[in-house]
Amino acid sequence: MSHTSSVDAIVFTDLHALQLALSDLGKEGVKCSLTKNGTPRAYYPNQAGLGPADYVINLPDCAYDIGLYKDKERKGYVARCDLFANRIGHYLGANATGNEGQEQAQLGKLFNRYAVHAVTRKAVSQGMTVRRIPGADGSVRLVLGGIAA
């Protein structure tokens, strides 16, 4: 039996934005880091679907890690991990709003921080200004200004 889940609603295309997202999570108390070429930890050693990954998001306080695997069609990396017993969700989970599935919600904080940094980097590269407005529920609203090139 495998607990492996592929959470491909978000494709990581900007590794610098991902590093910034992990840095944000670290500041919030989540121990995490990104390493290249590793095998994520899971419930079973040699767990199906979680072989060597292009990148691994290491979660030292958690029993499991997140593997990032190249998706050539979508030109980025998709997350695969063991979501058994909500172990990863304990560190990275967010409340589902109804627009995403439960698997996506278990990585909600990671996806949220990544999206903020990816959009900010893209907007700034196009000459726009970006202002972040944090919500009481942990959400972030981005206000973009200027004209995109």
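## A quick tour, from the whole fold down to Gln106

Start with the whole chain: of the contacts in the protein with a separation of 6 or more (a contact being heavy atoms within 4.5 Å), 46% are between residues 24 or more positions apart. Before you click on, note that this is a predicted model, where local features need pLDDT of at least 70, side-chain atom pairs count only at pLDDT 80 or more, and totals for chains, interfaces and linings use all residues. Numbering runs from 1 along each chain as its sequence is written, and side-chain values use heavy atoms, with hydrogens and water left out.

Switch to cartoon. You'll find four helices and seven strands, in the order β-α-β-β-β-β-α-α-α-β-β. These are DSSP runs numbered from the N terminus: H or I of at least four residues for helices, E of at least two for strands.

Zoom out to C-alpha atoms, which fill a box of roughly 50 × 35 × 25 Å along the principal axes.

Now put on a surface. The protein exposes about 8,300 Å², with carbon and sulfur atoms supplying 51% of that (Shrake-Rupley, 1.4 Å probe; for residues, only the protein chains shown count as cover). Of the 149 residues, 40% are buried, meaning under 20% relative accessible area with a 1.4 Å probe, protein chains only.

Last stop: select 102–106, helix α3, and pick out Gln106. Is Gln106 buried or exposed? Its relative accessibility is 11%, so Gln106 counts as buried. Show its neighbours too: leaving aside residues up to four places away in sequence, Gln106 touches Leu83, Asn86, Ile88, Gly89, Leu92 and Gly93.

How values were computed
Buried means under 20% relative accessible area, exposed over 50%, partly exposed in between (1.4 Å probe, protein chains only).
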